[in-house]
Amino acid sequence: MGNIDGAYLVLSALLFAIGGAGLLVRRNPLVQIMCIELMLNAVNLTFVTFGRMLNSITGQVVVFFVLVVAAAEVVVGLGIVVAVARRRPGATSDDISLLRG
Amino acid sequence: MVELVWLLPALPLVGVALLVLFGRRMGEPASGWLATAMCTASFVVALVVFVGLVDQPEHTFEQVLWEWIPVGDFRVDVGFLLDPLSMAMALFITGVAALIHLYSIGYMHGDPRFPTFFLYLNLFVASMLVLVLGDNLLLTFVGWEGVGACSYFLISFWFERDENASAGKKAFITNRVGDWGFMVGTFATYFALGTISYTEFLPLAPGLAATTATFIAGMLFIGAIGKSAQIPLFIWLPDAMAGPTPVSALIHAATMVTAGVYLMCRISPVLGASYDWLPEVIAWVGVLTALVAAFAAMGQMDIKKALAYSTISQLGYMFLAVGVGAYWAAIFHMITHAFFKACLFLGSGSVIHGMHEEQDMRRMGGLRRFMPITAGTFIVATLAIAGVPPLSGFWSKDEILAYALQANPALYAVGLFTALLTAYYMSRVAIRTFYGEPRWPAFAAAGAGGGEPGAVEPEAAGLRVPAQAAAGAAGGLPTDADIAADPEPPHNEHLSADFVPHESPWTMTVPLVVLAGLSVVGGLLNLPISGMHFLEDWLEPVFALGDPAELGYSGATIVALLGVSTAVALAGVALAAYVWLWERFDGRRLEPAPFVRAWYVDRLITDFVGGPGEKGFEGIEAFDRVGIDGAVNDVGRLTRGASARIRVLQSGFLRTYALLIGVGSILLIAYVLTQVLVY
């Protein structure tokens, strides 16, 4: 059992790294949102794994919160992405730089 | 009955409000009568309050109207403090002011801004009463600035002429120099004692450290110097004569200029706790002012300027009294001075009125035949100020001199010599105005017979008068050469050879007669006979904490001093008669240029402010610009510069932010891990 737990943690770390790298290297907003989801789910996996290792229900409970927040975030984020795409088709995240100082 | 005290300043203020709203519609003379009625009502209230105050315990009553400035520990109320000192002041202020209001109805007859004049007069009376009755330093300061503002309005009342406007400005600015001291004194009082209410801080004053007390009293004395025209800030008062004559009588002789003396008397406990050198300085400033101004008064040709210098001189006596600890004697002289100097000024106003705006004594003479009431009252008041017994000035001045002798014989000697000069120069004014032969026909003949074609044009003749007066007023300062080259008075087109002066209407003569009567009997307030010290006994509790001087002289000494004063006064009058009435001596030799120009103090100040002073002020201005403004601007510049550099970080590129967040998280986790691993 212990070995399998370690494997889960390694997997979630890998997923997190892939998501983070994708977020940094890709410029398509849609893909970036997907990468963020990947990172969030990597974290969820970690929570569940630790919950199992420590024999605590808390880890699984937190996952629900994260899922709710992620859903909300996707609603807002996708809304923005769609609005931008309508106005300027093919826009990348670097084109949206109105908040530059 | 004492609860009515708030009505004292409120009634003139109601008058102000009514005159602002309806003054123009009421016109002349109704607006004048309204103002006079308000002032008279205020006087009646003062009498009623006085009767009530006699029954009060310790003759003191404090009325708080409302809380004015409550800020943490700092609390200032609008309230009135009624004690023997403020009561005495309020009585003579409202009384003299009512008479002068009445007089002004006649004097200002025909002026296009008649209602405005009375508006200012009422406003002045209200401010003066706030000054005197205010129960804390700040409220007194409100009145102090109020009377200053009214003085400015009224000096420049005929602002159509430039020199009147600049005389007003000069008075206001010179006063501001002194006000700085008043404000610093108020701040220092709060820092030292935590309160500025008279009833709270004056009893604490004897416990002050001598240095603190000296600082507070010294600063307030600077304020008093400005307001009461002492050396070196007396230069504004002679120019203030540009205002209408009732203003000179009310503000620049009887009431406002005595505010400084009042302030010094009010803070007598602080003065008592000071180092001994401060009262000594006050006494010397006072007596030297008296001497310098008396010399200056000897050389004046303008009847009002002579009276102005005489006022400065008498104020000097009051400061001498304060300096030697004879506070009540200062108040005594203030009251008698208000009577006879108001009478003298109103008399001069009557003369000017009767002579059609002529103010130069070289053109007068023989007027007692044309204006007998004015002449009679003027001469009575002259004898009073000269110190001829048994008139009021004799008693009050002699009290001051007796205290001065006890404190320091040198002060007494200077004061006595000044008394001689006073008797001389006031008699000179009276003689040159009312005795001898009329002199204006000769001048009119000389002016017409000169054959100068330009003199026929009224514009040319009229223009010369303002030009000449402008040079004299407001620091224009003609040189000695000017004076020597122009011994003749400026031309006055009103006075022809067959001109006949007229006596003034009853509104003007009644106040003259009343004031002359008061000048005669004013001494009854306090006679140096046991059981007759009414004023001294009445005022005594106010000054109990101020370390007042006690006169230690026996009856015989007092009688001897009275004899000396009498002899000096009579000698002065006789000298004036010898020189000016019988003309046994060329009077011109007693009018050298330094006297005419008041020892060049005005010029010295002008030169200083325009020369080395200006450099200093420029230095201060540069410090303000470079040091203070520079510090503020540099802080701003620093912020802008730093943010210009930091702003670069906010690129607007989402991925840069993500990278920074990632790097930051890694650094944070790395730091936490190192901490965990170390322990």
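**Two chains: helices, packing and contact**

Me: How many helices and how many strands are there in chain A?
Reply: This is a predicted model, in which local features need pLDDT of at least 70 and side-chain atom pairs count only at pLDDT 80 or more, while totals for chains, interfaces and linings use all residues. Residues are numbered from 1 along each chain as its sequence is written, and chains are lettered from A and ligands numbered from 1 in the order in which they are written. Helices (H or I, at least four residues) and strands (E, at least two) are DSSP runs, numbered from the N terminus. The elements of chain A run α-α-α from the N terminus on, and the count is three helices and zero strands.

Me: What radius of gyration does chain A have, set against a compact globule of 101 residues?
Reply: The radius of gyration is taken over C-alpha atoms, and the globule rule is 2.2 Å times the number of residues to the power 0.38. The C-alpha trace of chain A spans about 50 × 25 × 25 Å along its principal axes. A compact globule of 101 residues would come near 13 Å, but chain A has 17 Å.

Me: What percentage of the 101 residues of chain A count as buried?
Reply: A residue is buried if 20 or more other C-beta atoms, placed from the backbone, lie within 10 Å of its own, exposed if 12 or fewer, and partly exposed in between. For chain B, with its 679 residues, buried residues make up 50%. For chain A, the value is 10%.

Me: How many residues does each chain bring to the contact between chain A and chain B?
Reply: Two residues are in contact if their C-beta atoms, placed from the backbone, lie within 7 Å. Ala, Val, Leu, Ile, Met, Phe, Trp, Tyr, Cys and Pro count as nonpolar, Asp, Glu, Lys and Arg as charged, and the others, Gly among them, as polar. The contact takes 10 residues from chain A and 10 residues from chain B, and by class the side of chain A has four nonpolar, four polar and two charged residues. The numbers asked for are thus 10 from chain A and 10 from chain B.

Me: How do the axes of α15(B) and α17(B) run, roughly parallel or roughly antiparallel?
Reply: Axes are lines fitted to C-alpha atoms, for helices over the stretch in contact, with angles from 0 to 180 degrees between N-to-C directions, and angles under 35 degrees count as roughly parallel, over 145 as roughly antiparallel, 65 to 115 as roughly perpendicular and the rest as oblique. The axes of helix α15 (residues 372-386) of chain B and helix α17 (residues 409-434) of chain B come within 8 Å and cross at roughly 170 degrees. Therefore α15(B) and α17(B) are roughly antiparallel.

Me: At what angle do helix α16 of chain B and α17(B) pack?
Reply: The partners include B:Leu401 and B:Leu405 in α16(B), which meet residues of α17(B), among them B:Tyr412 and B:Leu416. By class, this contact has nine nonpolar, one polar and one charged residues. The axes of α16(B) (residues 392-407) and α17(B) are 6 Å apart, at an angle of about 150 degrees.

Me: Does B:Phe295 count as buried, partly exposed or exposed, and which class applies?
Reply: B:Phe295 has its place in helix α12 (residues 277-298) of chain B and, leaving aside its neighbours within four places in sequence, is in contact with B:Leu421 and B:Phe595. Because B:Phe295 has 19 C-beta neighbours inside 10 Å, its class is partly exposed.
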